[in-house]
Amino acid sequence: MAGLLHYGFLQRAVLAGVFVAVACAVLGVFLILRKDAMIGHGLSHIAFAGVALGLFLNVLPLAAALAVSVAAALGILRLKDRAGLHGDTAIGILSSLGLAVGILLATLARSFNVDLMAYLFGDVLAIQPAEVWLSIGLAAAVLLVVFLNYAKLLFMTFDRESARVSGVKAGRLDAVLMALTAVTIVLGMKVAGILLVAALIVIPAAAGLQLASSFRMAVLIAGAVAVVSVVAGLAVSLELDIPASAAIVIFCFFVFAGLAGVKRKRLVKTR
Amino acid sequence: MSDLIKANGLTFGYDGSPILVDVSLSIRSGDFLAIIGPNGSGKTTLVKVLLGLLRPQAGRVEIMGKPIEEFTEWRKLGYVPQKATHIDPLFPASVEEVVGMALVSNRQILGAGRGRGSAAVLRALREVGMETYRGWQIGRLSGGQQQRVFIARALVTGPRVLFLDEPTTGVDAETQGHFYDMLDHLNQDEGITIVLVTHDIGIVNRHVTQVACLNQRMVYHGSHQEFCRSDVFRDMVSRGDHLISHEH
């Protein structure tokens, strides 16, 4: 792969993939520990409606998906609060609605075409220079917002009630975290596709949680797993001529399985 | 002495079922106040209303002379919730991280003030005798040790008032003894006002200076000595309330 790196398309794929995957992994650690791991799946279904809306209205699908996903993420929070629903129920309702609207719009627009397939299955090797810069910019913005709120997000994730007593505006931070997740999911669509993007949120973070004895270590391991998975997945994809999104996710799963095995061995030793 | 916290006419309930009815309370600087009462009497709810976690349907709370809606100096309040030790044992947080959380300041955790933040964390851990465990994962500690870590977290910001809700639930008798000695030290030597929700009136006899006895309404609020001479206390002892220890 090193020899191929002078090709622009591969440089773009690696750059965009690494940035987006790290943003997914960092958010994933918070989401898993908040028991909100399924939010990635829910928002990816909703992003599908956004893409279909973009194709239907003939506007940039990525922009439409961003607007729809962020609105839906905030809607999920509102539904939880106002209707007194559990988080997974609210996600289930809005994600199903998103999928239904997406199918309807795509059918009306007669646009079950190459464009839509690229969003469903991911096409990181075909990513355009403008999309790369957009992905890098937004992923960097997501990471910056997490960094600036790191202490508060960590406290709220660990003990929400005590965090509120310490002056943390928990409701506001919930909204920030959900909006960031929506943005990251939309960015991940080109890398892993709507069908697989949630894996980038869950698997590297779950891998990081296998061996970490501190939160900071969990975030660092998750980020490293994400980077290795994207680079190795792209290499395997080129070598075997298989879809990049599938290669990245499957590689990521093997890293997770390996770390889970190491953890199991450690537990057996300490017994 | 001035009132650090003052509540007037607090009423709170869920779906028409009253939990607190017209409750008034004052906490002065240096008090060691026990909030006692039977199950469902509203002890935890009262603390949550005093801390702004629940909004009362009627009544008002003032903290350090300001209405709670205008109060911003939350660093001056420390809180150890009832189920503090019911944490996810797999949560990957070190003792140092758990205590540092209460600083809620990136500068003191990640940035330029990191050294100052670490020093405050170490000082708080030393206060509760847990400094040697700073690198341990929180889930690997015993319930009593975790409780000490949560008190260190409540102390790390240098609070004037420390709220503890049933802090010794599930902790063995010997550890409980050490625990209450530590609270005495914080109250008498460090000058920290302590508000302790407890089910065990045996504690009242040995450690506290003020008592608030709650049963949806305020049944008694005054000094420990007067409480021990009151009919309320005699009734509780005759019912064996000092023997009650319960799991939430």
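**Entry 1. Strands β1 and β4 of chain B**

I looked up the pairing of strand β1 (residues 3–14) of chain B with strand β4 (residues 58–63) of chain B, and found the two strands antiparallel, with 5 bridges. The model I am reading is a predicted one. I then asked which residue stands opposite Ala7(B) in β4(B). Val61(B) holds that position.

**Entry 2. The hairpin of β1 and β2**

I followed β1(B) to its other partner. The strands β1(B) and β2(B) run antiparallel and are joined by 8 bridges. Within this pair, I noted Ile27(B) of β2(B) opposite Ile5(B). The two strands make a hairpin, and 2 residues lie between them. In the turn I checked Asp15(B), whose phi is positive, at about 45°.

**Entry 3. The sheet of 4 strands**

I placed these strands in their sheet. It is an open sheet of chain B with 4 strands in the order β2-β1-β4-β5, and its pairing is antiparallel. Which strands form the edges? They are β2 (17–28) and β5 (66–67) of chain B, each of which pairs on one side only.

**Entry 4. The sheet of 6 strands**

I turned to the other sheet I had on my list for chain B. This open sheet has 6 strands, ordered β6-β7-β8-β3-β9-β10, and the pairing is mixed. Its edge strands are β6 and β10 (217–223) of chain B, and each has a pairing partner on one side only. From one strand to the next, the twist averages 15°.

I examined both edges in turn. At one of them, β10(B) pairs with strand β9 (residues 210–215) of chain B in the antiparallel sense, over 6 bridges. Here I recorded Asn215(B) opposite Arg217(B), the latter in β10(B).

At the other edge, β6(B) runs parallel to strand β7 (residues 161–165) of chain B, and 4 bridges join them. I looked up the bridge partner of Val80(B) in β7(B) and found Leu164(B).

**Entry 5. The two faces of β6**

I asked which residues of β6(B) point one way and which point the other way. Leu77(B) and Tyr79(B) point to one side, whereas Gly78(B) and Val80(B) point to the other. I recalled that side chains in a regular strand alternate between the two faces of the sheet. I also checked burial, and all four of these residues of β6(B) are buried.

**Entry 6. Chain B as a whole**

I next took the whole of chain B. Its secondary structure amounts to 9 helices and 10 strands. Of its 248 residues, 43% are buried. Among the contacts of chain B with a separation of 6 or more, 69% are between residues 24 or more positions apart.

I then looked up the domains. Chain B is divided into domain 1, covering 1–64 + 160–248, and domain 2, covering 85–159. Where the two touch, domain 1 of chain B contributes 10 residues and domain 2 of chain B contributes 7 residues. On the side of domain 1 of chain B, β7 and α6 (173–188) of chain B each supply at least two residues. The most comes from α6(B), with 3 residues. By class, this side of domain 1 of chain B has 7 nonpolar, 2 polar and 1 charged residues.

**Entry 7. Where chain B touches chain A**

I asked how many residues each chain gives to the contact. I found 21 residues from chain B and 22 residues from chain A. On the side of chain B, β6 (77–80), α2 (95–101) and α3 (106–109) each supply at least two residues. Of the elements on this side, α2(B) gives the most, with 3 residues. By class, I recorded 16 nonpolar, 4 polar and 1 charged residues on the side of chain B that touches chain A.

**Entry 8. Chain A**

I ended with chain A. It has 12 helices and 0 strands. I asked why chain A can be called as compact as a globular protein of its length. Its radius of gyration is 18 Å, close to the 18 Å that the globule rule gives for 271 residues, so chain A is as compact as a globular protein of that length. Along the principal axes, its C-alpha atoms fill a box of roughly 55 × 50 × 30 Å.

I also checked burial in chain A, and buried residues make up 52% of its 271 residues. For the contacts of chain A with a separation of 6 or more, residues 24 or more positions apart account for 73%.

Conventions
Residues numbered from 1 in each chain as written. Chains lettered and ligands numbered in written order. Predicted model: local features only at pLDDT ≥ 70, side-chain atom pairs only at ≥ 80, totals over all residues. Nonpolar A, V, L, I, M, F, W, Y, C, P; charged D, E, K, R; others polar. Pairing = 2+ DSSP bridges. Axes fitted to C-alpha atoms, helices over the stretch in contact; angles between N-to-C directions. Rg over C-alpha atoms; globule rule 2.2 N^0.38 Å. Buried ≥ 20, exposed ≤ 12 C-beta atoms within 10 Å, placed from the backbone. Domains from an automatic or database assignment.
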